Amino acid sequence: MELYEKLHEVCKLFRIYDEFLGYETIQMGNVNRTYKVNFRLADGSPKSFLVQNVNTYAFRNPVALMDNIDHVTEHIRNKKPGKVALHFHHTADRKTYVIDGDNFWRMTNYVKSVTYNSVKDPAILCNAGKAFGEFQMDLSDFDSSRLYETIPNFHNTRKRYEAFIKAVQENKAGRAEEVREEIDYLLSVQDLACRLTDLYNEGKLPLRVTHNDTKINNVLFHPVDNSAMIVIDLDTVMPGLIGHDFGDAIRFAANFVEEDCKDYEKAGVDLDVFRAFAEGFLSQTAGTLTETEVETLALSCFVLTAELATRFLADYLDGDLYFNTKYAGHNLVRARCQIALAKDMLKKMPQMEEIVRYCVEHSR
Ligand code: GN1
Ligand code: MG
């Protein structure tokens with residue numbers, strides 16, 4: 001069946017019976033597929049929704065994942081009644097999803113907003129930092145035992161390295177020789193990249209409920225005043241470390257270039273962006289941080305960058321099974337870009353640490 005008809009059928013199962021005008025593919029995320037579906041209501045006015053096809057290769061138990069999202073969004077709604085939120089539509093039998101074969105569909109309201117893949121405006125970055133910090137604080141009293149682990153060991157860097165080394169050894173797509181230099185670099189920084197995981201295993205870092213995928217394009221901003229309206233993409237909300245959220249956000253937002261820039265040698269950390277985001281994030285979280293969390297926050301940026309480099313490179317070696325790719329070699333470009341960024345972060349670690357200290361002291 002054509003995607004056009006398929007989406008229309010899915011919308012009907014979510015009990016939207018208005019006149020279907022068509023769909024637009026939304027360039028959002030490297031794992032799920034997202035579509036904006038457009039309708040005309042009986043009174044002639046337009047109305048849109050978002051339909052997502054959840055990647056069941058990445059998320060093995062999407063039903064439990066939807067259950068997580070239900071609990072988390074309910075918890076936040078109860079704390080902030082009236083705040084803009086995502087509402088998942090229900091089918092006639094009260095499910096928040098439609099399963100057809102290997103496809104797992106869900107549908108939400110469409111929030112008119114702007115998103116950024118790359119932004120330099122300190123005010124917007126500070127708002128994004130606040131939004132992710134606030135998100136974590138909102139969930140600080142959430143019972144994490146209610147959360148199903150949607151991707152086990154998602155930010156367990158030791159396990160990510162094990163998987164990476166296995167991908168190198170198996171060399172399924174026959175590409176390992178071509179990327180020897182990248183493999184060697186990642187192996188050479190393994191212990192530093194695994195610092196957060198090791199500290200956690202030694203009981204030195206506390207577990208929180210974290211978002212785990214804090215790319216700035218997961219914040220919807222108000223189209224007029226650029227305030228942060230809502231944090232989206234809750235698929236990986238799981239128990240995690242504060243550095244997972246801070247580090248991943250910086251990895252994405254503070255890079256001079258986009259995550260998959262072919263000019264990867266231009267990748268590096270923009271300290272102005274770092275400062276603006278850190279200010280917002282720490283304004284919400286500083287009061288609750290332990291000394292070890294503060295000490296490792298700057299390092300977490302390197303950790304998350306190296307970790308993702310192992311994931312992109314492993315996927316390249318496996319033959320591009322996990323991440324959606326737009327062209328042959330896309331995962332390799334992504335991996336190289338993360339490696340260049342990680343190297344620059346190591347050079348700038350003292351400045352990053354100083355900025356974190358300053359923001360913590362001024363937020364407490
Ligand atoms: C994936 O699909 P998206 O863009 O939300 C990935 C993240 C990576 C990111 C890199 C579930 O996120 O962990 O950091 O790509 N999400 C999953 O762009 O694997
Ligand atoms: Mg995501």
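Me: Which helix gives the largest share of the lining of the largest cavity?
Reply: That's H10, with three residues. Keep in mind that this is a predicted model. H10 spans 291-318, and helix H8 (242-253) is the other helix that supplies at least two residues of that lining. The full set of lining residues is Leu196, Leu205, Leu241, Ile242, Gly243, Glu293, Thr296 and Leu297.

Me: What makes those residues count as the lining, and how do they divide by class?
Reply: To count, a residue needs an atom within 4 Å of a point of the cavity. By class, the lining has five nonpolar residues, two polar and one charged. Gly counts as polar here, which may look odd when you meet Gly243 in the list.

Me: How much space lies in the largest cavity?
Reply: About 40 Å³. A search of the whole structure for cavities of 30 Å³ or more turns up just one.

Me: What makes a space a pocket instead of a cavity?
Reply: Getting out is the test: a probe of 1.4 Å fits in a cavity but cannot get out, while a pocket is open. The largest pocket holds about 880 Å³ of space. Strand E3 (46-53), helix H2 (62-79), strand E5 (103-109), H8 and H10 each give two or more residues to its lining. H10 has the largest share here too, with five residues.

Me: Which residues lie nearest the centre of the largest pocket?
Reply: Met28, Gly29, Gln52, Asn218 and Asp233, out of 50 lining residues. Sorted by class, the lining has 23 nonpolar, 17 polar and 10 charged residues.

Me: How do you know that Asp213 and Asp233 are donors of the magnesium ion (ligand 2)?
Reply: Check the distance: a donor atom has to be within 2.8 Å of this metal. The OD atoms of Asp213 and Asp233 lie 1.9 to 2.0 Å from the magnesium ion, so they pass. Asp213 sits in the loop between strand E6 (208-210) and strand E7 (219-221), and Asp233 in the loop between strand E8 (228-231) and strand E9 (238-240), so the pair ties together parts that are 20 residues apart in sequence.

Me: Why is Asp233 called partly exposed?
Reply: Buried means under 20% and exposed means over 50%. Asp233 has 23% relative accessibility, so it goes in between, as partly exposed.

Me: What makes phi of Asn212 worth a second look?
Reply: Phi of Asn212 is near 75°, a positive value in a residue other than glycine. Most residues other than glycine have a negative phi. Asn212 is in the loop between E6 and E7, and at 3% relative accessibility it counts as buried because the cut-off is 20%. Arg15 also has a positive phi, near 65°. Arg15 lies in the loop between helix H1 (3-13) and E1, and its relative accessible area of 39% makes it partly exposed.

Me: How do you know that E1 and E2 pair?
Reply: Count the bridges: pairing takes at least two. Strands E1 (residues 19-26) and E2 (residues 33-40) have seven, and they run antiparallel, so they pair. Glu19, for one, stands opposite Arg40 in E2. The two strands form a hairpin with six residues between them, and Gly29 in the turn has a positive phi of about 80°.

Me: What makes E3 a partner of both E2 and E5?
Reply: Bridges again. E2 and E3 share eight, in the antiparallel sense, and one pair is Asn38 with Ser48 in E3. E3 and E5 share five and also run antiparallel, with Val51 bridged to Met107 in E5. Both counts pass the minimum of two bridges. E3 is also mostly covered, with six of its eight residues buried.

Me: How do you know that Cys261 and Cys337 form no disulfide?
Reply: Their sulfurs are 5.6 Å apart, and no other cysteine sulfur is closer to that of Cys261. A disulfide needs 2.5 Å or less, so this pair is too far for a bond. For Cys301 the closest cysteine sulfur, in Cys359, is 12 Å away, so that's too far as well. Overall, the structure holds zero disulfides.

Definitions and conventions
Residues are numbered from 1 along each chain as its sequence is written. Chains are lettered from A and ligands numbered from 1 in the order in which they are written. This is a predicted model: local features need pLDDT of at least 70, side-chain atom pairs count only at pLDDT 80 or more; totals for chains, interfaces and linings use all residues. Side-chain values use heavy atoms; hydrogens and water are left out. On a 1 Å grid over the protein atoms alone, a cavity is a set of points where a 1.4 Å probe fits but cannot get out, and a pocket is an open set with protein on both sides within 12 Å along at least five of seven lines; lining residues have an atom within 4 Å of a point. Grid points are joined across faces, edges and corners, and a volume is the space filled by probe spheres set on the points. Helices (H or I, at least four residues) and strands (E, at least two) are DSSP runs, numbered from the N terminus. Donors are N, O and S atoms within 2.8 Å of the metal (3.2 Å for Na, K and Ca); water is not among the atoms, so sites may look incomplete. Buried means under 20% relative accessible area, exposed over 50%, partly exposed in between (1.4 Å probe, protein chains only).
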